[in-house]
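Trainee: I would like to understand how words such as buried or edge-to-face are earned, so could we go through some cases together?

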Amino acid sequence: MFKRLKVVITLFLLAISILPLIMFSSTFLLSVTNTFTENDEKNLIEVLNRNKRYLEAFVEMNINDMRLLSNSDNLKTYKRDEIEGVLRRFLLTREEYTKLKYIDKDGWIIEVRRSLALYKKYDSLNVKESLLFNNGSFCTVIEEDGVDYVAFSAPYREDGRYGVVVGYIDSKKFDYILKDYNLVGLGNIIIQDSFGKNLFRMSKEDKKYKEDIIEPIKNTDFSMIVTIDRQDIRNEFLNDLFKKVALYFFLTVVLAIVFAYIISESINKYINRVIVSITTLTRIKSSDSMLDNIEEVEVFKNKFNEIIERLNKDKIDLSDKVNLDSLTGLYNKRFLMEQLSSKLDEDSVDTYFMMADIDYFKRINDTYGHMVGDKVLKALSNILKEGIREGDYAIRFGGEEFLLVITGVTKKDALNIAERLRKKVESFTYQEDNLNIKFTISIGVTKYKNNIDYSIDLADEALYNAKKSGRNRVIYKEA
């Protein structure tokens, strides 16, 4: 019946979804292309500075490690064993460091590796060690024993003493720092110290690049040397951008089709719902804007829905009255046996039954009368209802007996809940006019074992044991 309308709605929604997106995408593409063409040098410098900032942050982080060592609270006398202990403990917490050195102005060098410590007097520092010693907080590349290390240093000054602490990281562990960056359109990238030693090199030998950019690295004798071709960078950028835009257009069309289909289906489902509501006397939803502008349909819809709502309310009220205890407002035994039992069988969580009974309730009835006794039952019902969580059940099982069904808890939790309720009742006083009535409850607890009657019997046995043991207590019965 609505196939033609469905097609029209779908095509209309598709048109109003795709056309604005295509216009926006075209404008956006043109704008981005022009912006990059006009500001290619700014973008290029930003790429280089990003690499430079990352490298400087890495250097500063490791220099800070050396500052931490040189200012260690554990260095009090600067004796050899004390210095060795501080350096060795630091190595245990920093896997990236291969070794550490302590060099002071008096010509002593203390070197600590993971398996040994060396002590020696130097006649003169080599060129690289002098560079570290004189600059204090500094970084350079040092070759020792055939291995290239990136060395980080920080000075210490204490009671007239002066020297540096130096940390060594194998340069092979240093290679990763720039490899995650997008180097599209860039040529050679070299990190080189002032002595011509390469810390890092990434080359594209298949292209010739027209200019070099050299950027010094703070707190080091390193420089970043990058060879580039601006036109090549621009072309690479545009190629990548066009690929992304093509993918964007494809996704846009797919999403627009999905969107149009979903909306048209929703509209058609609602139209069908109106017809079904009229024929089956079910409620017509009031959120449909298509009917709101038709006065006659709107009047009919409101009157029809009023009747349906009244019938549904009467049905709900009747169902509640059947399942609720008239005195306390709690669920009754019928609800337990006819509705809750099937729900408990379906649930997979641990469930506990608690059978509670007012101690010496007959005395209350005999002393104050049944009307006061009923009010005491209501007061207890409120305490139990407020003392359990949403999703648990409080049931008046009969007379002064109440059954609590607690789900999704451990045995320890269940016993804690029962004990908390017992104490709350014990501290409660029912007051009316000149009456002040204190009472207590006994509680029997057991774990539900997929059988209502069996579990109730066990909880009842536990309650009997609580009564027999002196009342006003919680007893657990193992299932």
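Mentor: Let us begin with one serine, keeping in mind that this is a predicted model: the side chain of Ser-381 reaches the backbone oxygen of Leu-377 at 2.8 Å.

Trainee: What makes that a polar contact?

Mentor: A pair of N or O atoms has to lie within 3.5 Å, and the side chain of Ser-381 reaches the backbone oxygen of Leu-377 at 2.8 Å, so the pair meets that limit.

Trainee: Where does Ser-381 lie, and why is Ser-381 called buried?

Mentor: Ser-381 lies in helix 10, which covers residues 370-387. Buried means under 20% relative accessible area, and Ser-381 has 0%, so the word applies. Not counting residues up to four places away in sequence, Ser-381 touches Thr-328, Leu-330 and Phe-402.

Trainee: Turning to rings, why is the pair of Phe-428 and Phe-439 called edge-to-face?

Mentor: The search of the whole structure finds 12 aromatic pairs. For Phe-428 and Phe-439 the ring centres are 6.1 Å apart, within the limit of 6.5 Å, and the planes stand at 75 degrees, which is over 60, so the pair is edge-to-face. The pair links distant parts of the chain, 11 residues apart.

Trainee: How do you know whether Phe-428 and Phe-439 are buried or partly exposed?

Mentor: Phe-428 has 25% relative accessibility, which falls between the limits of 20% and 50%, so Phe-428 counts as partly exposed. Phe-439, with a relative accessible area of 4%, is under 20% and therefore buried.

Definitions and conventions. Residues are numbered from 1 along each chain as its sequence is written. This is a predicted model: local features need pLDDT of at least 70, side-chain atom pairs count only at pLDDT 80 or more; totals for chains, interfaces and linings use all residues. Side-chain values use heavy atoms; hydrogens and water are left out. Rings of Phe, Tyr and Trp (its six-membered ring) pair if their centres lie within 6.5 Å; planes under 30 degrees apart count as stacked, over 60 as edge-to-face and the rest as tilted. Helices (H or I, at least four residues) and strands (E, at least two) are DSSP runs, numbered from the N terminus. Buried means under 20% relative accessible area, exposed over 50%, partly exposed in between (1.4 Å probe, protein chains only). A polar contact is a pair of N or O atoms within 3.5 Å; within protein, one must be able to donate a hydrogen and the other to accept it, and residues adjacent in sequence count only if both atoms are side-chain atoms. Contact means heavy atoms within 4.5 Å.
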